[in-house]
Structures are given as structure tokens and as C-alpha cells.
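Please look over the sequence and the 3D structure shown here. The paragraphs after them explain how the parts meet.

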Amino acid sequence: MNTQTTAESEQHPIEKWLRSERMPHMWCAGCGVGPTLYAWIRAPDRVGIPREKVVYVSGIGCCGRGSGYLNVDGFHTTHGRAIPFAIGLKLARPELCVSVISGDGDLFSIGGNHFIHACRRNVDLLVICTNNFIYGMTGGQLAPTTLLGDRATTAPYGNVEPSFSTPHLADAAGAVYVARWTSIHLRRLEKSIAEALQMKGFRYIEVLSPCPVNYGRRNKLPEPDDIAEWFRQSSVIRNGANTSEISIEKGKPLILGDFVKRTGKPTFYEVMKELEGRVKPR
Amino acid sequence: MREAVQTGRHFWYGNIAIAEGAIAAGCRFFAGYPITPASEIAEHVSRRFPEIGGMFVQFEDELASIAAILGASWAGAKSMTATSGPGFSLMQENIGLGIMMEVPTVIVNVQRGGPSTGLPTLTAQGDVMQTKWGSHGPYEIIALSPDSPQEAFNVTIRCFNLAEKYRVPVVLLTSETVGHSAGKVVVPPEDAIEIVERKKPKVPVGEYAPYKPDEDLIPPMACAGEGYAFTTTGLTHNEKGYPDTTAETQEKLIRRLNDKIRSHLGDIVDVTEENMEDADIAVVSYGQVSRPAKKAVEMARENGIKAGSIKLTTIWPFAEHIIHKWAKQVEYFIVPELNYGQIYLEVKREAAGEAKTLLIPRMGGELITPTEIYNEIERMSKR
């Protein structure tokens, strides 16, 4: 697809991962989706996974559009169903390196049930959630991650619902790797993704991600870098933190880090193949 | 290791015949969720797949099940799910995605009485129109309907072949009656079963466009991990698979998605015409109702009434050219079906101006008897 004729040595290291002919992309200034994808596409090279094996499955929303900009096998699916779609891909062709990268509304509202069951089964997937606390693409409606008191176009008097702490949910449901970063912690995020790519089983990384236009503007963080500045000032890295104690509250520290690393838990595919070995007469 | 194809003579329930037909067709990925009266298909597959290297997953719901079979198909597997009305309703979302992304896969709907939870354990044919347009947007789909366990086996294989050939989700629209009636099923030797595989790209990696069709309007299909680095989306897209949400692209894409089915009616449509040569009255039927319909026509012939039978094995696309042809000859079409008139309306549309169409409706629950159909044939013959 890439029609660039520049010698590879002169190319930017991520050039081969991009569908350059589709640029400029559709995301707003200050959005955290781009940096998150940047970290994700740098990680396979770090750990020696060939681009041909890398698959990106997304759902619906701003982040969902990412699969169309990257030069890998990309699947832009339906709202909430990226995880089961990815499970089908991975189980039918287990040599693929399958990542689901999608938004908080997609993964935890309409797709929440699929998320917890994929954790429970320990399907071999990396799931990255760009959590921007809001429905960005549809115009700033309430999400299950919107913080208490925040304003949204469907919560004009302020949100009255408690929000999900998604790393806690992933941990409780059995994910083998759980981390949280922000889209301004690029080097740490990239390292975390690389580490997760080398593990097997259901791995989850939450990336707190600014949405200046549809979240910041309504919540006293109107400038493109206001949310990034909130992240910068409030972040505290606490690897191994108890995920029940890291929920996000304005005015309190944002706890980042890799919280969970479980080893020795067989993946769904391994369990099924083991079962097959028992059933098949040799 | 047991053979995948169980060549020989069997006494199988329709639902078992469907599971074995899928295996014989090369299906090795099944995702589903329990539901009456379809569960025996998943149960049988869960027992058989570990013997033959297939992947069976019982998902958390039907929304996930159909998403997973689309994903598995993109990884190169022949995939299937099986459900009944309530689950089929949930699956409409990703049936649309399968249509838009052009994914070969098979969805079995063992119909029960509806709407809603309806009659879980009793038969119906109420989902005919839902099968055609249950997901949003203008599209064409393929749906086949068997009348017996033997035909269920045969038709299941054909569903996979049509899905692969036309890059489209195919619905096997059966019912509780067929699923839960047992009968003789003859499975031919493996090499006597025709298997169709999807077209693969013949161009170099850099030149591949996932939605550039050949002359038959069907694009060759690369799979994930083959190095093509293609992208696909449920959004309106151009030949490269890139989102392109303009009126022009929508017009071109949706016309092709419909026309790739409509322009191959002769290949897809499968009907059985009996006693039609001199018929004045034609009974048009499908699924389990074809059996009492056939009997009723025999009764009519015994009584000197020129009746014939048109059995539709292909429900969608509709056999419009067949009905149109016979409409010039017959005076009446009689359509017995287990709903309040669905295929009846299609027949009536094609017969308009040429022949009259009569519906024998039943809301489901139990079959229509041969005598009930015969009585209508006799009544019409006296007009």
C-alpha cells in the first residue's frame, strides 16, 4: 500500500506502519489517540514481532478509526464487538499478534460484557483502552468512565453516576497483565506495551487520553493541553499498586503503573488444545 | 482420529445433520450461545470438534458469537453459529457487518414461534422477512430452507459453498420441526462432496485492494496474516477498504453488494417443481411445509385436479423468475406457511396481473396438514 519511494534508511521509523496516503488523520488537536497508536506501533519492532503478524481490531468511536490509518491488517468492527471479533481471528489463526485498541465507551459500556468474559477465559489478546472519560465522536455524551460531577451533553447538570475503574475491573475478572498510563507518558507506555506483547493471555492497558473538544471544553479544561497538564501534575507512578485503590478522582493523584502480572495461567487456546489432546484417539 | 466426514447411512435429527453437514463442508470454527430449539447443534459440535481439530467456543451471548465467526472467517476458517429467533434478533447487528465487509460465514436459525420469547419449543416460519432485511440498510442475503434431516445435511454444505463463492453471510433458515425430527441421512464419500473455497488475490501484495471486484462483482479475499496489510470497515468504503462516506461511494458499493447476488439468481436459486407441466393450481412451499404440500398435490392428482408443487429450497434471493414463469400458466398459487403471510407476499407480487394468490396461514406451533392444503386446492379447482 505504501507508495513512498524514500530509502528505508531515510524514512521515519514508523513510516512503514502508517498508511501515509490517508493523512491527515481525523483526530482533533490535543487528542490522545495518536500518541497511543504511536507507542503501539513502535512496540512490535522492539520485541521482534513482524508487521505481517500484527492485527489491529477496533470498535466504534474516535479510537475505532485508528485501524484504518495503520499499515497492518486492520478491522474496524461494530460498536462494542471488537473483542469477540478479535477472539475469532486469534483462535482461528493463533500465530497472529492481535490487539484491540478502542475507547472507553466501546469497551466498557456497550462492550463491557465481552471484556469481562475475555478476561475470565484468558483469551490471548492485548486490549488497550484510550479512556477519554467521554463519548467523543458522538459529541460529548456521558460514558461509564465519566467522573462524578463532570458535565457531559447528556449530563448537563453534572454526572451523578459512579465511574468504572477499568484496571480494577480487569484485575478482578482475571487479566494476566494490567497497567495504566496516560498518553503523555509515551516512553513508559511503549515499554509497557512491549512487555505486554511478550506475554500470553489477556493483557489490558488503560491509557488516559485527553479529549479537549468534547470533555475538556465542558469541564474547565478548555485548551488543547489543559488535560495533558492535569495528567502531568497529578500522575504518580506506583507499580504493583492494589487495583482496588486506584480509582480516579479530580484533585487526587492519578495512580499509574503496571499493577498486575500473573504468570503460569494457561490461555484459552492452550486449554482447548490440551482438551483436544485428551479427546483425540492417538 | 475419527473421520470428519461420516460417510454412511445414519438416523439423525435435523439439528445433528446440520452439525455434520457443517463439518463435512469444512467448518472448523463454531461460536454460539444456548437457545431452544437450536442447542443440539452446538452440543454436537462441542463433542465433535475436539476429535477433528475444530475450535468450539460457547460465548457470553449471540452478539459475541456472530462477531467471533466473522473474525474467524477473516483468519481463513469456515465458521458458523446456530441460534433461534431471540438470538437471531441479537445477531442482526453483525449480520450487517458481515454483509458490508463481505464475510463468508453461515448462520443457522432454527425457527420457533415469536415475536419475543414466544413459543420456545414449537415450530414456526416467522423469521423469513427478518432474514431478508433484519439488519439495517438495503442489502441482499442468501437464505436456504431444508424440509428434512437429509436435506438439512445437503443444504448446510451448500450454505458454506455459497458463502465462500459470493463472500456473503448465508442463513440456513430451518425450524423446530426439521431440527427435532429424525430421519435417514446418507452421507456420501468425502470425495463426492463438492466443496467451494473463496477466491484468493492473484495480484502482488502492494497492488491488492480488498474491495476491487472481478467481473462477477465479487472481490478476491485475503486473510489476516497473509502479508497483504489490508484494512476493512463497516463504514462505507472504497475499493481499498478505506472509509469514504460520500454519496457516490455509497451508491457504487451498495449497488454492487446487491447486484453480486441479484445477477446470479440462476446459480443461487434452487427450486423443485413437480406436476407443474399442466398445472392450473400451484402450491408454493418451503421448509417443513413442503412435505404436507407435496402430499396434498398427490391427493389432488388422485382426484383429477391439475395441481402442481413448487418447493423453494432457496428462500432469498426470491425465486422471482420461477414464479413469474408459472404465473402465465396457472390460475392460482396457494402458499401455506407458518406465519401470517411472508413468502405469500413475494409470490403475490410476482403473480400480479397473471394469477391469483391464496395464503394458508398458521401462526406457528404446529404444522399445516396435507388435508388442510388439499381442501384449499379442491375449493380453488371448483371456482
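What follows goes from the contact between the chains to the domains of one chain, and then to some local features.

This is a predicted model, in which local features need pLDDT of at least 70 and side-chain atom pairs count only at pLDDT 80 or more, while totals for chains, interfaces and linings use all residues; side-chain values use heavy atoms, with hydrogens and water left out. Residues are numbered from 1 along each chain as its sequence is written, and chains are lettered from A and ligands numbered from 1 in the order in which they are written.

Begin with the place where chain A meets chain B. Chain A gives 43 residues to the contact and chain B gives 46 residues, where contact means heavy atoms within 4.5 Å. The size of an interface is often given as the accessible area lost when the parts come together. Here the buried area is about 3600 Å², with 61% of it from carbon and sulfur atoms; buried area is the accessible area (1.4 Å probe) that two parts lose on being put together, summed over both.

Between chain A and chain B there are 4 salt bridges, a salt bridge being a side-chain nitrogen of Lys or Arg within 4 Å of a carboxyl oxygen of Asp or Glu. One pairs R121(A) with E60(B), whose closest N and O atoms are 2.9 Å apart. The interface also has 22 residue pairs in polar contact, both residues being at pLDDT 80 or more. A polar contact is a pair of N or O atoms within 3.5 Å; within protein, one must be able to donate a hydrogen and the other to accept it, and residues adjacent in sequence count only if both atoms are side-chain atoms.

On the side of chain A that touches chain B, the elements giving two or more residues are β2 (73-76), α2 (82-92), α4 (112-121) and α8 (268-279) of chain A. Helices (H or I, at least four residues) and strands (E, at least two) are DSSP runs, numbered from the N terminus. The strand β2(A) runs parallel to β10 (residues 231-233) of chain B, and 3 bridges join them; two strands pair if DSSP finds at least two bridges between them. Within this pairing, F75(A) has T232(B) as its bridge partner.

Now turn to chain B alone. It is divided into domain 1 (8-192) and domain 2 (271-381), with bounds from an automatic or database domain assignment. The C-alpha centres of these two domains lie 26 Å apart. Their contact takes 26 residues from domain 1 of chain B and 23 residues from domain 2 of chain B. The area buried between the two domains is about 1900 Å², and carbon and sulfur atoms give 55% of it.

The rule finds 2 salt bridges across this domain interface. D147(B) and K311(B) meet in a salt bridge at 3.6 Å, N to O. On the domain 1 side, α5(B) gives the most, with 4 residues.

Some local features remain. In chain B, β5 (residues 105-113) and β6 run antiparallel and are joined by 2 bridges; R112(B) has T123(B) as its partner in β6(B). These strands form a hairpin with 5 residues between them, and S116(B) in the turn has a positive phi of about 55°.

Over all chains the structure holds 44 salt bridges. In one of chain A, R262(A) and D171(A) have their closest N and O atoms 2.6 Å apart. R262(A) lies in the loop between β8 (254-261) and α8 of chain A, and D171(A) in helix α5 (residues 166-173) of chain A, so the pair ties together parts that are 91 residues apart in sequence.
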